[in-house]
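Hi everyone, thanks for coming. I'd like to walk you through one structure today, going slowly enough that nobody gets lost. Please have a look at it first.

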Amino acid sequence: METEADGDDCRGPEPARNSDPESSLQPKTEDDTGDSSEPDTEDSADWKKTREPASGTNSLKNKHESVSDSSRSIENKPFSCSVCKKAFSQSRNVKAHMRIHTGEKPFSCSVCEKAFLRSEHLKAHMRIHTGEKPFSCSVCEKAFLRSGHLKAHMRIHTGEKPFSCKVCEKAFSRIEHLNTHMRIHTGEKPHSCSVCKKAFSQNIDLKRHMRIHTGEKPHSCSVCKKAFSQNIDLKRHMRIHTGEKPHSCSVCKKAFSQNTDLKRHMKIHTGEKPFSCSVCTKSFALCGHLKKHMQIHTGEKAHSCSVCKKGFSQSGNLKTHMRVHTGE
């Protein structure tokens, strides 16, 4: 979902004397100097009057050149906000700025009726409805609604990551990614399930979780039509059809379709046996092997002969028994 901000927060704050709190929200447009297309004649006259050079003499010229930076700032921005004292070069900009304090939003969308402080914000918003994407990447030609989104996208190609975590120094290309990452350190989980109240640090994780309650399975296999609640599960499933085995053992090079199968296999080489019997303390590399072993102690016979119904604790014993009937 596109936001109304133009992504310019990714660039960091502009110097105070050149910035307008409103201007960073959207890309520059024709009416970025104000909402009216008509010139402000009185302001223009005042501007010309203050900028007109003094006549002739060197002494006056030298006096003009010695004016301090603060004086120039006052001279260039004679109109100030009565609330926060921010200065502007034209009165129309003060009028537009005052909407921050008054909350007035005179420009509303004719489609969804969402309202905006400035006309250029409305123009940028209208692209959501029209589908217009005037900003395109010069590398991959991907198009965007806003210039700020294009600037953020370009970091994919440049590798620039200007936003870094102060705790672990991990760097990110977008400030919103940093903000989300910071929840790892703060433990903040602002997104909670309305059904079971389980909380998540990211909204996308909550959306995935909600499928447990709704039963939604939006990702389906193009081959066998089996459906999955998460795209990653579909990707794993597709390996059944493609035969892809991207996970290979670093010791014997045996390949597996899933990483969990590789982890199990690695225990052959490491000798790790993390699953131990609570009765005889015998250890096993796999949990499944422990479960089979436990049938010795419980007397459970989960495998029965389809011919004579004799029960066995392990499938291997059943297979051996079946030879009595098959004559193999």
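Let me start on a helix. Arg236 and Asp233 both sit in helix α9, which covers residues 231-242, and they are three residues apart, about one turn of the helix. Why does that spacing matter? An α-helix has 3.6 residues a turn, so residues three or four places apart point the same way. In α9, the side chains of Arg236 and Asp233 do meet, forming a salt bridge with 3.0 Å from N to O. Are these two residues buried or exposed? Arg236 has 33% relative accessibility and counts as partly exposed, and Asp233, at 27%, is partly exposed too.

Before going on, one thing to keep in mind: this is a predicted model. The mean pLDDT of the chain is 79, with 77% of the residues at 70 or more. Over residues 1-68, though, the pLDDT is below 50, and in the model this stretch has 98 contacts beyond near neighbours in sequence.

Now for the overall picture. The chain has 328 residues, and 26% of them count as buried. You can find 12 helices and 18 strands along it. Its accessible surface comes to about 22,300 Å², and carbon and sulfur atoms make up 52% of that. If we take the contacts with a separation of 6 or more, 21% of them join residues 24 or more positions apart.

Back to salt bridges. How many does a search of the whole structure find? There are seven, and you have already met the one between Arg236 and Asp233.

Another of them is in helix α8, residues 203-214, where Arg208 and Asp205 are also three residues apart, about one turn of the helix. Their closest N and O atoms are 2.9 Å apart. Arg208 is partly exposed, with a relative accessible area of 33%, and Asp205 is partly exposed at 25%.

Next, please find Glu120 and Arg118. Their side chains form a salt bridge as well, at 2.5 Å from N to O. What is the relative accessibility of Glu120? It is 2%, so Glu120 counts as buried. Arg118 is buried as well, with a relative accessible area of 2%. The cut-off for buried is under 20%, so you can check both of those for yourselves.

Glu120 also takes us into the next helix, α5. Helix α5 runs over residues 119-130, which is 12 residues, and reaches 17 Å from its first C-alpha to its last, close to the 16 Å expected at 1.5 Å a residue. Its buried residues are Ser119, Glu120, His121, Leu122, Ala124, His125 and Arg127. What do they pack against? The partners are three strands: β3 (107-108), β4 (115-116) and β5 (135-136). Just after the helix comes Gly131, with a positive phi of about 80°.

Now hold that picture and look at helix α10. Helix α10 covers residues 259-270, again 12 residues, and spans 16 Å from first C-alpha to last, close to the 16 Å expected. Here the buried residues are Leu262, His265 and Lys267. They pack against β13 (247-248), β14 (255-256) and β15 (275-276). And what comes just after α10? There we find Gly271, with a positive phi of about 80°.

Those two positive phi values belong to glycines, Gly131 and Gly271. Which brings me to my last stop, two residues that are not glycine.

The first stop is Glu169, where phi is near 65°, a positive value. Where is Glu169? You will find it in the loop between β7 (163-164) and β8 (171-172). Glu169 is exposed, with a relative accessible area of 66%.

The other stop is Lys197, which has a positive phi of about 70° although it is not a glycine. Lys197 lies in the loop between β9 (191-192) and β10 (199-200). Its relative accessible area is 60%, so Lys197 counts as exposed.

To recap with a pair you can look up on your own screens: Glu120 and Arg118 meet in a salt bridge, with Glu120 buried and Arg118 buried. In the α8 pair, by contrast, Arg208 is partly exposed, and so is Asp205. Thanks for listening, and please do ask me anything!

Technical notes:
Residues numbered from 1 in each chain as written. Heavy atoms only, no water. Helix = DSSP H or I, 4+ residues; strand = E, 2+ residues; numbered from the N terminus. Buried < 20%, exposed > 50% of the residue type's maximum accessible area, 1.4 Å probe, protein only. Salt bridge = Lys/Arg side-chain N within 4 Å of Asp/Glu carboxyl O. Contact = heavy atoms within 4.5 Å. Areas by Shrake-Rupley, 256 points an atom, 1.4 Å probe, with all protein chains shown as cover. Expected span 1.5 Å × (residues − 1). pLDDT = per-residue confidence, 0-100.
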